[in-house]
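Please look through the model below with the sequence beside it, and then follow the text from the ligands outward to the surrounding protein.

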Amino acid sequence: MSECSTATTQPLVQCLSHHAVAADCLSVLRNRTTPPMIFRQTVHRLGLILMAEATRNLPTAPQSVATPLETTTCDAINPATEIWLVPILRAGLALTEAAIALLPQARVFHLGMYRNEETLEAVSYYNKLPKPAQPQHVRVIILDPMLATGGSAVSAVEQLLLKGIPQENVQMVSVLAAPEGINTLQTAYPQVSLVTAAIDRQLNEVGYIIPGLGDAGDRVFGT
Ligand code: PRP
Ligand code: URA
């Protein structure tokens, strides 16, 4: 089965096309018997691939570089761009090390959120996002393995927009996304882009992604 079989036509939604390591990671993560230690390690492994995709189009600027033989011009990430990684607690923590591995210069700001189990609404309990001096120069990558109803993602984007960051500067990286969550996010914020490893079939009656991988936070932390 293609992990993107219900792929959307929205141009800002990117589902990883077939990649052997990514597919292998998903098979480990979906397996109910995978213990937390391996689960965490595998989110990290997949996170490296997702982040390589998500960072492909960061703004670059030419730089003069002296090699041992001559001086040449190289593209480097534009130093005027301030990169923020925003992991959503708890499960987003599992993607953070992979994101920092690719972007060691990034600043990390956590958002704390949980879903109300009855209403499925996101409840925010932690936000220390600063007000940037030049919000238009900030690029944000929201890290959360699961995009289910989309409530948590929409709330995260809302909190970023309140700091003046334009929605087109915001990207989300997830492991699994449900079509319902993609539609909610794209309807609310059509310029926010998404990179995900798979788009699953649907949500079940209690808001879990099907076939999914279960509760990501519980599986990462063994709770
Ligand atoms: C999970 C997940 C997302 C959210 C996605 O968090 O990590 O943040 O659910 O669901 P949504 O798209 O319907 O909002 P959870 O509420 O389980 O908190 P936890 O990470 O602390 O376990
Ligand atoms: N949050 C999770 O951790 N898993 C789901 O399937 C949906 C929301």
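A residue is near a molecule or strand if one of its heavy atoms lies within 4 Å of it. Around ligand 2, the residues that meet this criterion are R115, M146, A148, G207, Y208, I209, G214, D215 and A216. This is a predicted model, in which local features need pLDDT of at least 70 and side-chain atom pairs count only at pLDDT 80 or more, whereas totals for chains, interfaces and linings use all residues. Residues are numbered from 1 along each chain as its sequence is written, chains are lettered from A and ligands numbered from 1 in the order in which they are written, and side-chain values use heavy atoms, with hydrogens and water left out.

Several polar contacts (pairs of N or O atoms within 3.5 Å; within protein, one must be able to donate a hydrogen and the other to accept it, and residues adjacent in sequence count only if both atoms are side-chain atoms) can be followed at ligand 2. A backbone N or O atom of I209 lies 2.8 Å from an oxygen atom of ligand 2, a backbone N or O atom of A216 lies 2.8 Å from an oxygen atom of this ligand, and a backbone N or O atom of G214 lies 2.8 Å from a nitrogen atom of ligand 2. Taken alone, ligand 2 exposes 240 Å², of which the protein buries 89%; such accessible areas come from the Shrake-Rupley method with a 1.4 Å probe, and for residues only the protein chains shown count as cover.

Which residues come nearest to ligand 1? Of the 16 residues around ligand 1, they are R115, D144, A148, T149 and S152. A polar side-chain atom of D144 lies 2.5 Å from an oxygen atom of ligand 1, an N or O atom in the side chain of S152 is 2.5 Å from an oxygen atom of ligand 1, and a backbone N or O atom of A91 lies 3.2 Å from an oxygen atom of ligand 1. Taken alone, ligand 1 exposes 500 Å², and the protein buries 91% of that. Strand 6 (111-115), strand 9 (146-147) and helix 4 each give two or more residues to the shell around ligand 1, with strand 6 giving the most, three residues; helices (H or I, at least four residues) and strands (E, at least two) are DSSP runs, numbered from the N terminus.

Away from the ligands, helix 3 (residues 93-102) has A94, L95, T96, A98 and A99 buried, where buried means under 20% relative accessible area, exposed over 50% and partly exposed in between (1.4 Å probe, protein chains only). The buried residues of helix 3 pack against several elements, including helix 2 (36-54), strand 4 (82-89), strand 8 (138-143) and helix 6 (216-221).

Two loop residues complete the tour. D200 lies in the loop between strand 11 (193-199) and strand 12 (202-203), and D200 counts as buried because its relative accessibility is 2%. The side chain of D200 is joined to that of R30 by a polar contact of 2.7 Å, and the D200 side chain also reaches the backbone nitrogen of G212 at 2.8 Å. P166 is found in the loop between helix 4 (151-161) and strand 10 (170-177), and P166 counts as partly exposed because its relative accessibility is 21%. Leaving aside neighbours within four places in sequence, P166 is in contact (heavy atoms within 4.5 Å) with P135 and Q136.
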